[in-house]
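The exercises that follow are meant to be worked with the sequence and the coordinates side by side. Try each task before reading its solution.

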Amino acid sequence: DGHCLRAYKYFGSKMPDIVETVESINSIEIKYPDLRQLSKSPTFLLTYMGTWKGLMRQFGFKEAVAKQIEKNYHELYSVSDTWIKEQIEEAAKCGYATLAFGLRLRTPILPQVVLTSNSIPYQAHKEVKTVGNAHGQSYGLLNTRAGNEFQQRVWDSKWSTSVLPICQIHDSLYYMIRNSLNCLHWVNTNLIECMEWNQLPAIQHPVVKIKANLEVYYPDWSTPIKIPNRIERSDLKELLDNATRKIHEQVLRS
């Protein structure tokens with residue numbers, strides 16, 4: 001869980017029982033949900049080439065804390081930082097940056113400046129930030145690609161009127177699904193396959209893969225039910241029965 005990992009890197013001193021294993025770090029979602037939530041805004045700011053000064057100005061962190069968060073972020077993402085730097089240097093040579101799926105972003109000013117200079121023109125600095133930001137944003141097209149592939153599968157299936165897309169946000173797809181165990185099982189199998197597609201060379205890695213999980217929100221958005229990938233139909237029914245029973249018991253108690 002990326003948010004848990006970053007929360008651990010930023011605020012690990014506040015989580016004395018968390019150690020560097022997948023299971024322990026992922027448990028932050030349950031044990032320290034407030035710290036996990038607190039980690040999100042700094043990550044977005046730093047991802048889009050912000051600095052510790054922005055962390056102070058926009059989120060009220062003390063200077064020492066802001067600097068530590070920035071330092072830990074860049075240590076965690078040193079490989080990504082190097083890659084983005086290489087993309088900026090390439091854009092300075094050819095006048096454009098190549099983004100996800102071959103999309104090109106023109107950078108006409110960068111070839112006219114010396115990037116290693118202590119001071120570059122404001123417009124060139126804007127292009128540098130735009131290249132860095134656009135690379136992250138352009139890979140949001142992976143979500144659109146997954147949605148398109150899944151929608152074609154829906155149309156080609158017997159569930160063509162039972163699965164309706166309602167929203168797409170960055171790395172998430174939202175659907176209204178008919179209250180049918182078979183339909184939900186089909187969605188879980190097919191949607192996860194579409195979301196885990198990773199055929200672009202820039203995102204292929206022998207260890208780190210693109211992962212996705214399905215959640216069912218019942219009876220409202222405040223109560224997500226997490227559905228394991230590739231779960232058997234009988235196990236899915238048992239999971240849903242247990243989850244809904246607990247929800248009903250909580251409602252009755254309240």
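Two residues are taken to be in contact when they have heavy atoms within 4.5 Å of each other. The model is a predicted one.

**Exercise 1. Describe the overall make-up of the protein chain, from its secondary structure to its contacts.**

Solution. Begin with the secondary structure: the protein chain has twelve helices and six strands. Next, take the extent along the principal axes, where the C-alpha atoms fill a box of roughly 65 × 45 × 30 Å. Then turn to accessibility, for which buried residues make up 36% of the 254 residues. Finally, consider the contacts with a separation of 6 or more, of which 47% join residues 24 or more positions apart.

**Exercise 2. Is Ala134 buried or exposed, and which residues beyond its sequence neighbours does Ala134 contact?**

Solution. First locate the residue: Ala134 belongs to helix H9, which covers residues 122–138. Its relative accessible area is 14%, and because buried means under 20%, Ala134 counts as buried. Once neighbours within four places in sequence are set aside, Ala134 is in contact with Leu99 and Leu105. For the pair Ala134 and Leu105, the separation is 29 residues in sequence, while their C-alpha atoms lie 8.2 Å apart in space.

**Exercise 3. Characterise the packing of helix H10 against helix H11 by angle, handedness and contacting residues.**

Solution. Two packed helices are described by the angle between their axes together with the distance between those axes. Here the axes of H10 (residues 141–155) and H11 (residues 181–195) come within 8 Å and cross at roughly 145°, and the crossing is right-handed. The next step is to list the two sides of the contact: H10 contributes Asn143, Arg145, Ala146, Glu149, Phe150, Arg153 and Val154, which meet Trp186, Val187, Asn190, Leu191, Glu193, Cys194 and Met195 in H11. Sorted by class, the residues of this contact divide into eight nonpolar, two polar and four charged.

**Exercise 4. Which residues line the second largest pocket, and which element gives the most to the lining?**

Solution. Start from the volume, which is about 210 Å³ for the second largest pocket. The lining consists of Thr223, Pro224, Ile225, Lys226, Leu239, Ala243, Lys246, Ile247 and Gln250. Assigning these residues to elements shows that strand S6 (224–227) and helix H12 (233–253) each give two or more residues to the lining. Of the elements, H12 gives the most, with five residues. By class, the lining of the second largest pocket holds five nonpolar, two polar and two charged residues.

**Exercise 5. Examine the backbone at Phe101, His170 and the bond from Tyr218 to Pro219, and place each feature in its loop.**

Solution. Consider first Phe101, which has a positive phi of about 60° although Phe101 is not a glycine. Phe101 lies in the loop between strand S1 (96–98) and strand S2 (104–106), and its relative accessibility of 40% makes it partly exposed. Turn next to His170, a residue other than glycine whose phi is also positive, near 55°. His170 sits in the loop that joins strand S3 (163–169) to strand S4 (172–177), where it is partly exposed with a relative accessible area of 46%. The last feature concerns the peptide bond from Tyr218 to Pro219, which is cis, with omega near -5°. Pro219 is located in the loop between strand S5 (214–217) and S6.

**Exercise 6. Where is Val19 placed, and which residues does Val19 contact beyond its sequence neighbours?**

Solution. Val19 is found in the loop between H1 and H2; Gly12 also has its place in the loop between helix H1 (2–11) and helix H2 (22–26). At 47% relative accessibility, Val19 counts as partly exposed, and Gly12, at 22%, is likewise assigned to the partly exposed class. Leaving out neighbours within four places in sequence, the contacts of Val19 are with Tyr8, Ser24 and Ile25. To finish, compare sequence with space for one of these pairs: Val19 and Tyr8 are eleven residues apart along the chain, and their C-alpha atoms are 9.0 Å apart.

Terms used. Residues numbered from 1 in each chain as written. Predicted model: local features only at pLDDT ≥ 70, side-chain atom pairs only at ≥ 80, totals over all residues. Heavy atoms only, no water. 1 Å grid on protein atoms, 1.4 Å probe; cavity = no way out; pocket = protein on both sides within 12 Å on 5 of 7 lines; lining within 4 Å. Points joined across faces, edges and corners; volume = space filled by probe spheres on them. Helix = DSSP H or I, 4+ residues; strand = E, 2+ residues; numbered from the N terminus. Nonpolar A, V, L, I, M, F, W, Y, C, P; charged D, E, K, R; others polar. Axes fitted to C-alpha atoms, helices over the stretch in contact; angles between N-to-C directions. Left-handed = near helix turned anticlockwise from the far one by under 90°. Buried < 20%, exposed > 50% of the residue type's maximum accessible area, 1.4 Å probe, protein only.
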